[in-house]
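Here are my notes on this model, as numbered points. Have a look at the sequence and structure first, then read on.

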Amino acid sequence: MTGERPTAETVSSILGDRELVVASNRQPYSHEYEDEEIVVNRPAGGLTSALDPVVQSAGGTWVAWASGDADGEVTDDDGRVGVPPENPAYDLRRVSLSDEQVDGYYYGYSNQVLWPICHIDPSKMNARADFWQHYRDANRKFADAIADEANGESVVWLQDYHLALVPRMVRETRPDVFCMQFWHITWPSRDAFQTCPQYRQLLDGLLANDLIGFHTDQYCQNFLDCAAMLPDARVDRATRSVVYDGRRTFVRSFPLGIDATQRRQLAISSADNEFWHEFKDEHDLGDTLALGIERLDYTKGIPERLAALEHLWETRPEWQGELTYVQKASESRSQIPEYQALQDFVESEIQRLNERFGTDNWTPVVYLNEYLPKDGLATLYREADLGIVSPRRDGMNLVAKEFVASQVDDPGVLLLSELTGAAEELGDEAILVHPHDTPGFADAIESALSLPEPERSRRMNDLERLVHSNDVYAWMNAQFRTVKAIQRGRDVAAKSVKRQ
Ligand code: GDG
């Protein structure tokens, strides 16, 4: 079964007369100057492109940071523009932030405090007081824009860790909206979360939601453990909810999926294309191909993976000349020194491995740091014999699912870190690895490469079934259905209070 794309009817049957207001840091459309002309850039990320048709069919408003340099040229006095530009179906409300605010709120607090804490790496936290101040100010701007767009009855759907304080701020002016938030990254254990100096304020903000969603049950449990740190919060484990400040917040897992049908079609149409021919001509590939796709981020475990490959080539020289590893790593957050250092380290490690093992007609590691077009990515997924997804921590990891959906002929094998959210769903049929266990990781690469065809097909068929049934539309529908169930429960409770 494939998750059904939510239609205008399904969404509006759930929302009733309530209007939908979505908010995220990234916007679904941006306006940019190109040679003095204004051009529209479309959603690049998987989530924005999956949500866009839903908001188009349901109508409503999407609130997001005005990241494009020409964004202000096309909006009205309140920062609103109808999108998609050729046939507007909903309003995009843009929130303007100064460069200093973006530095403090996005590069600072979101990515140097919340990101390392949630990925259980507090030693990387940079808890500067001005980051927190900017985070609060930016959240206030988002909340004001949302409150402006919402009416008392709206359903407000917030995305991710950039907006943790928004629910409480929205409630100040719009106490009756239904507010829900999906947290896309790991939610850590209580001990790790408590290392954040503002942990109480963050919980206070999030507990103004009616519903909070995480990728896995484990993150839900962790969140409930953290909520219990607030003296005024009552955690109800039986109903997985928290009563705090006169409101009950339900905590549920909704594992995010991909548009698997679209990925599969892309892989089918990418057979033997120009990208593949050029790629093969340009690089001295071995007969066996392993692939890693990610942003250059320390959570993704790239140095640890290179260490495992080095161990493999060193201890099993028969894989020299045979196995090429393709590392697609796009530059990310490079304003942050930690990320710049990682980028330099990865590049120098790859150079070292290629000098150590490479020959005139074989390159051990091919490094790609350009953002690939979708069909180029689909080709690599399709052609790879091994997909290596080995983060040190990852909320979900959509690359694992994209690799699976793209195995349209001669199925490859998925190697997956047990420290990802995806392992909860795919762990039985993938080969699990621990990113820090270098010899064990190298063994796992070898066993994956040695799996006989029937076993590969059996595993991949099971994985495909999972990825297609738990796709992005199933994820959305599950959340809308939960909203409906919570509303129904509240209506029943309100009626019984009236009757008494
Ligand atoms: C966060 C959480 C959670 C990458 N390079 C190219 C490209 N990509 C696309 C991939 C994939 C996406 O980027 C990366 O998604 P991930 O899920 O792996 O990771 P994060 O960016 O860390 O996302 C994560 C996710 O939110 C969703 O909730 O799974 O745990 O950390 O879609 O395909 N796409 C193209 N060219 C590239 O070069 N076209």
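1. Starting with the ligand: β13 (288-295), β14 (323-330), α14 (374-383) and α15 (398-405) each put at least two residues into the shell around it. Helix α15 is the biggest giver, with three residues. Helices (H or I, at least four residues) and strands (E, at least two) are DSSP runs, numbered from the N terminus.

2. Before going further, the ground rules. This is a predicted model, with local features needing pLDDT of at least 70 and side-chain atom pairs counted only at pLDDT 80 or more, while totals for chains, interfaces and linings use all residues. Residues are numbered from 1 along each chain as its sequence is written, and side-chain values use heavy atoms, with hydrogens and water left out.

3. Which residues come nearest to the ligand? They are His-184, Lys-328, Leu-372, Asp-394 and Glu-402, out of 21 residues around the ligand (a residue is near if one of its heavy atoms lies within 4 Å).

4. Now the polar contacts (pairs of N or O atoms within 3.5 Å). A ligand nitrogen sits 2.7 Å from a polar backbone atom of Leu-372. A ligand oxygen is 2.8 Å from a polar backbone atom of Met-396, and an oxygen of the ligand is 3.0 Å from a side-chain N or O atom of Lys-300. On its own the ligand exposes 740 Å², and the protein buries 86% of that (Shrake-Rupley areas, 1.4 Å probe).

5. Next door to α15 in sequence, Asn-397 lies in the loop between β16 (386-389) and α15. Asn-397 has a positive phi of about 95° without being a glycine. At 7% relative accessibility, Asn-397 counts as buried (under 20% is buried, over 50% exposed, in between partly exposed; 1.4 Å probe, protein chains only).

6. Asp-410, in the loop between α15 and β17 (413-417), also isn't a glycine and has a positive phi of about 40°. Asp-410 is partly exposed, at 48% relative accessible area. For context, most residues other than glycine have a negative phi, and most peptide bonds are trans.

7. One cis peptide bond to check: Val-83 to Pro-84, with omega about -5°. Pro-84 is in the loop between β5 (80-83) and β6 (90-95).

8. On overall layout, the domain assignment (automatic or from a database) gives domain 1 (8-257 + 473-488) and domain 2 (260-468). Their centres, taken over C-alpha atoms, are 31 Å apart. The contact (heavy atoms within 4.5 Å) takes 23 residues from domain 1 and 21 from domain 2.

Notes. A polar contact is a pair of N or O atoms within 3.5 Å; within protein, one must be able to donate a hydrogen and the other to accept it, and residues adjacent in sequence count only if both atoms are side-chain atoms.
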